[in-house]
Amino acid sequence: QDGGLFVNARSVTPAELKGALMSAAKGPEQVVIIRADENVPHGRVVEAMDITRQANLYRIAIATAPVQVAVPPGRR
């Protein structure tokens, strides 16, 4: 939400992201999971995806939080 970037819980700057991903990856088949707060602008997520690809990591997943659905009383 505040724009912070993390690789394996380690805070990185946008300039450090590519190198941090390359160091953390266990090979080109490594899956990179991007978790972003729902308030993060879409462009910021796309930027992270682009940097991930620049690090030669193409298996990217977007993690989402489960949607909470309100169940009306008496319908449980």
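The following paragraphs describe the fold, the strand pairing and the salt bridges of a predicted model.

The protein chain contains two helices and four strands, which succeed one another along the sequence in the pattern β-β-α-β-α-β. Of its 76 residues, 21% count as buried, and the accessible surface of the chain comes to about 6000 Å², with 53% of that area belonging to carbon and sulfur atoms. Among the contacts with a separation of 6 or more, 61% are accounted for by residues 24 or more positions apart.

Strand S3, which spans residues 31–35, shows an alternating arrangement of side chains. In a regular strand the side chains alternate between the two faces of the sheet. In S3, Val 32 and Ile 34 point to one face and are buried, whereas Val 31, Ile 33 and Arg 35 point to the other face and are not buried. The strand runs parallel to S4 (residues 59–63), to which it is joined by five bridges; within this pairing, Val 32 has Ile 60 of S4 as its bridge partner. Together with helix H2 (residues 42–54), the strands S3 and S4 make a right-handed β-α-β unit.

Three salt bridges are found in the structure. Side chains of opposite charge can pair when their charged atoms come close. One of the salt bridges is formed by the side chains of Glu 29 and Arg 59, with an N to O distance of 3.7 Å. Because Glu 29 lies in the loop between helix H1 (14–24) and S3, while Arg 59 lies in strand S4, this pair ties together parts that are 30 residues apart in sequence. Glu 29 counts as exposed, at 55% relative accessibility, whereas Arg 59, at 41%, counts as partly exposed.

Helix H2 also carries salt bridges within its own length. The side chains of Arg 44 and Glu 47 meet at 3.4 Å, N to O, and both residues lie in H2, three residues apart, or about one turn of the helix. Arg 44 is partly exposed, with a relative accessible area of 25%, and Glu 47 is likewise partly exposed, at 33% relative accessibility. A salt bridge also links the side chains of Asp 50 and Arg 53, for which the N to O distance is 2.9 Å; these residues, too, both lie in H2 and are three residues apart, about one turn of the helix. Asp 50 counts as partly exposed at 35% relative accessibility, and Arg 53 is partly exposed with a relative accessible area of 33%.

Key
Residues are numbered from 1 along each chain as its sequence is written. This is a predicted model: local features need pLDDT of at least 70, side-chain atom pairs count only at pLDDT 80 or more; totals for chains, interfaces and linings use all residues. Side-chain values use heavy atoms; hydrogens and water are left out. Buried means under 20% relative accessible area, exposed over 50%, partly exposed in between (1.4 Å probe, protein chains only). Contact means heavy atoms within 4.5 Å. Accessible areas come from the Shrake-Rupley method with a 1.4 Å probe; for residues, only the protein chains shown count as cover. Two strands pair if DSSP finds at least two bridges between them. A crossover is right-handed if, with the strands pointing away from the viewer, the path from the first strand over the helix to the second runs clockwise. A salt bridge is a side-chain nitrogen of Lys or Arg within 4 Å of a carboxyl oxygen of Asp or Glu.
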